[in-house]
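Dear colleague,

I am handing over the structure below, and my notes on it follow. Please read them alongside the coordinates.

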Amino acid sequence: MATLRELRDRIRSVNSTKKITKAQELIATSQITKAQQRVAAAKPYADELKEVMERLAAASSLDHPMLHERENGRVAAILVVSSDRGMAGGYNHNVLKKAAQLERMLKDAGYDVVRFVTGNKGVTHYRFRGMDVAGAWTGWSQQPSWDATHDVRHHMVGGFMAGSEGTVKWREGVDGAEGESVRGFDQVHVVYTEFVSMLSQEATVHQLLPIEPVLSESKYEYEHMLAENEGVGPDMEFEPDPDTLMAELLPVYVSRALFSIFLEASASESASRRTAMKNATDNATDLANQLSREANQLRQAKITQEITEIIGGAGALSGSGESD
């Protein structure tokens, strides 16, 4: 059994840990609010851009490399969105597990996989296991900005446009790939954590490129509407022509979609960290209370023993006649 001094030392240690976890919980709570504000601030532009792209899709020929699956595609890129810091519960574990499942599925389908990672935790995970990382970006998982995420967005779009037959030269500033030429790819998949609610975040996979399904549906709806209205559609004029506008706006559209993913992942990270730190604080409180009860019981037992010894000693003296 632990001594009273050991129990008191453990109580002090647990309470010190509790202060740290409580502070982390409060910080994460404030960061969730900021992350949600960033998502809300970016939404009007994203919605307007999506509407413009849907109108262009309805009026253009949809003849662009970003809109079609490539025949005999051989290389698929996986972008894993992790966090720079830990103490976020199963946030990173769930993303890395989902990425491993996706990688196995793509390899079974005959694709070579090129791995890209954002966040220090993901980079450490792969490099510790000796797994190749073609490109890595760290330092902004908690507060992604348009400028900070420019390189990863630029490289994902550029690598897809180069295709598996071409290469892309990474610019300086990409962790582990400064100035190197990396093989292009035919697909881009993003593995990130979707923000469902404050208490629920789900690791998910999103195919970023090609984006044919979304815009093809827009064109189908437009053609269906024309058929119902006997060929009469909305009166729209594009300058320059729709195909030229589509070619210019598609990279912007994809870049904005990827930035939205980073914003959502940031909110999910803060929510996951808040939940983990709250659970840690509650567990520390329970453990401190349990240790306090044990310490009180031990202290009381010690006092009782001392009283018993005093009474026994007094009785012994009384029986020997020395008390007179």
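**Notes on the model**

S181 touches T167, V168 and K169, leaving out residues up to four places away in sequence, where contact means heavy atoms within 4.5 Å. This is a predicted model, in which local features need pLDDT of at least 70 and side-chain atom pairs count only at pLDDT 80 or more, while totals for chains, interfaces and linings use all residues. Residues are numbered from 1 along each chain as its sequence is written, and side-chain values use heavy atoms, with hydrogens and water left out.

S181 lies in strand β5 (residues 181-183), strands being DSSP runs of E with at least two residues and helices runs of H or I with at least four, numbered from the N terminus. With a relative accessible area of 52%, S181 is exposed (exposed is over 50%, buried under 20%, partly exposed in between, with a 1.4 Å probe and protein chains only). The C-alpha atoms of S181 and A134 are separated by 9.7 Å, the two residues being 47 apart along the chain.

Turning to the interior, the largest nonpolar core has 38 residues, of which L79, F116, M156, F185, V190, L209 and L258 touch the most other members; such a core is a set of buried Ala, Val, Leu, Ile, Met, Phe, Trp, Tyr and Cys residues joined through side-chain atoms within 4.5 Å. Helix α6 gives the most to this core, with 9 residues. A second, separate core of 16 residues includes A76, V80, L106 and V133.

I303 also belongs to helix α6, which spans residues 242-320, and I303 is partly exposed, at a relative accessible area of 36%.

Best regards
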